[in-house]
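Dear colleague,

I am passing a structure on to you with this email, and below it I have written out what I found when I went through it. Please keep it open beside the text while you read.

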Amino acid sequence: MSTTTSKQPRAAAPTRSAKLRSVAAHGTVWYLRLIALLNLLAVVASPFRATVRHHSEGEYFTPYLMTAGLATAVLSLFLAVAMRRRKRAAWIFNFGLGGLTFLVYVLALTVPGSDHYDAHGFNYFSTVLTGLFMLCLVVGRKEFTSKGDRSNVWTAVATFFGGLLVGGLIGSVLVEIFNTLSGAGFGDRFRYAIFRMITVTPSDRVLDVINVPNWVNTFINAMGAVLFLLVMYVAFRSPRGKELLTPEDEQKLRELLDRQGDRDSLGYFATRRDKAVIFSPTGKAAITYRVVGGVSLASGDPIGDPEAWPGAIELWLAEAREHAWAPAVTGASEEAGVIYARHGLDALELGDEAIVELDEFSLDGRAMRVVRQAYNRVKRAGYTVRIRRHEEIPEPEMADLLDKADRWRDGQTERGFSMALGRLGDPADGRCVMLECHDGDGELRALLSFVPWGDKGLSLDLMRRDRESENGLVEFMVIELLEKGGKELRLERVSLNFAMFRSVFERGSRLGAGPVLRLWRGVLGFFSRWWQIESLYRANAKYRPIWEPRYLLFEKSSEIPRIGIANARAEGFITAPRLPTLFRRRHRRPTADAAGPALPTAEGSGNG
């Protein structure tokens, strides 16, 4: 693929004040991380817990958020993560609670009296440390610009008080059952449970009437940790990104594809209607993406003129940072990866896309002997292939194809995001190509659907076949397309399935492969039992294609696990629990203005 020669202007060097703000912002993050570690140490180490308790009662006080509780350890860690992502809500929370804590400490030290707060040196240390944290908050204020959902605050408040009430009631019941002392009323038991949810050791006032086994205290404290974890998640979660592709956006994307659609084999998949889109300021380029688990996940290369790609990339990154989304791109080409790298993204090779040039494909030769024999075997069995554009298929026939595609789907999970259209039979996709394979009796046994890749190319979208049919039908259909597509459809190239980690399987099987590479190949082979990693590579390699590398792009290496999970969710490898099939509606094909009755729509990908 060609590479662009456009150069981005070098960003201006940060000023001294900007550097100071960045250092202060990082200081708040490291303070919260340290406090989280100390709180966790106080939970597991009794001597240290006793020391913390001694310095947080009576005439002593500890630095901001320093207690002996698991809940505050979770709270500190969550705040550290939110502050690292520069969330404005986390800054407001810390400024409000930390400022109030610092004010109370200062007033306590200024109150006159003998043997009081000002008589203990550790209190000055706690006040100074809390004050330094507040100073870092004030200096780094402009660094925290990431927005959250407006409903987060009220949802978090409701979650906190509701969870505290439920946890207190459960804890009071446990205390009533297992308490070995007498004299504790419901108020004492409820107050004991509430304080146990906040800190490991409650006030001494209730210890005279309550004594329960350690596992009860641990269970109540664990409820507190879960509650704080849930509250922090609700309070600081990023917006989910509800803006999806509108008809106007789709029309603009199709116009860009008409002009630049031959650049990327995955370009047409940008028209998936479960994605959002950002256009460059000139409107000559666009990036489509979906927000999954706090990750703004784009797919393929930007659409449109490469000269306008930087404008779309800058707007997409700005939106991701505004909402504290982790930016990532899956399935980008090397050309796009170079331009994304100029905007601060790093690259990790995912695998290779198999592309077959029709004028170079041939069944002749010793290397193609096995494929040629399989092709001839299926052909002698009486199977035939029909190749048509979707727009050439009458609606009754399309309805029958969609019904069979739904019945032949392997499981209920629809896979595909970056390399699948997610719909079949839509009137807007008339230029897509359908391959229908019939047996000797004229019965439909398999079908393939391809999306346009410019004017002279196709990219595989969906594969379905009758499980009771003869093996090798898909290979037979692909070869028929490669041999006849040039004359019937004027094709020059066809993009087949994506082979993840192809180079690992190829190099790992060679003589002299190192132990690390062979181990990695073995791990991937193990997971191939469920996710068809190696089988897809073997299925594509038999056509002797051109391998085009595809990359995963990310901003921070620490976000790779999070991005990997988001990518797996988007592609359908990890799915959330769904309603049983009985209660789920089948997808329906939208009716075009000039179309007749709606037809059932089969969704899926080439992996289905």
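Does Leu 65 count as buried or exposed, and at what relative accessibility? Before the answer, please bear in mind that this is a predicted model, and that Leu 65 lies in the loop that runs between α2 (46-54) and α3 (70-84). Leu 65 counts as buried, because its relative accessibility is 12%, and the cut-off for that word is under 20%. What also caught my eye is the backbone of Leu 65, whose phi is positive, at about 70°, although this residue is not a glycine.

A second residue can be read in the same manner. Arg 490 is not a glycine either, yet it has a positive phi of about 60°, and its place is in the loop between α14 (473-488) and β11 (493-500). Arg 490 counts as exposed, because its relative accessibility is 68%, where the cut-off is over 50%.

As for the chain as a whole, the protein has 18 helices and 12 strands, and 49% of its 608 residues count as buried. The area that the protein chain exposes is about 30,300 Å², of which carbon and sulfur atoms supply 57%. If you consider the contacts between residues at least 6 apart in sequence, you will find that 77% of them join residues at least 24 apart.

With best wishes

Note on methods. Residues numbered from 1 in each chain as written. Predicted model: local features only at pLDDT ≥ 70, side-chain atom pairs only at ≥ 80, totals over all residues. Heavy atoms only, no water. Helix = DSSP H or I, 4+ residues; strand = E, 2+ residues; numbered from the N terminus. Buried < 20%, exposed > 50% of the residue type's maximum accessible area, 1.4 Å probe, protein only. Contact = heavy atoms within 4.5 Å. Areas by Shrake-Rupley, 256 points an atom, 1.4 Å probe, with all protein chains shown as cover.
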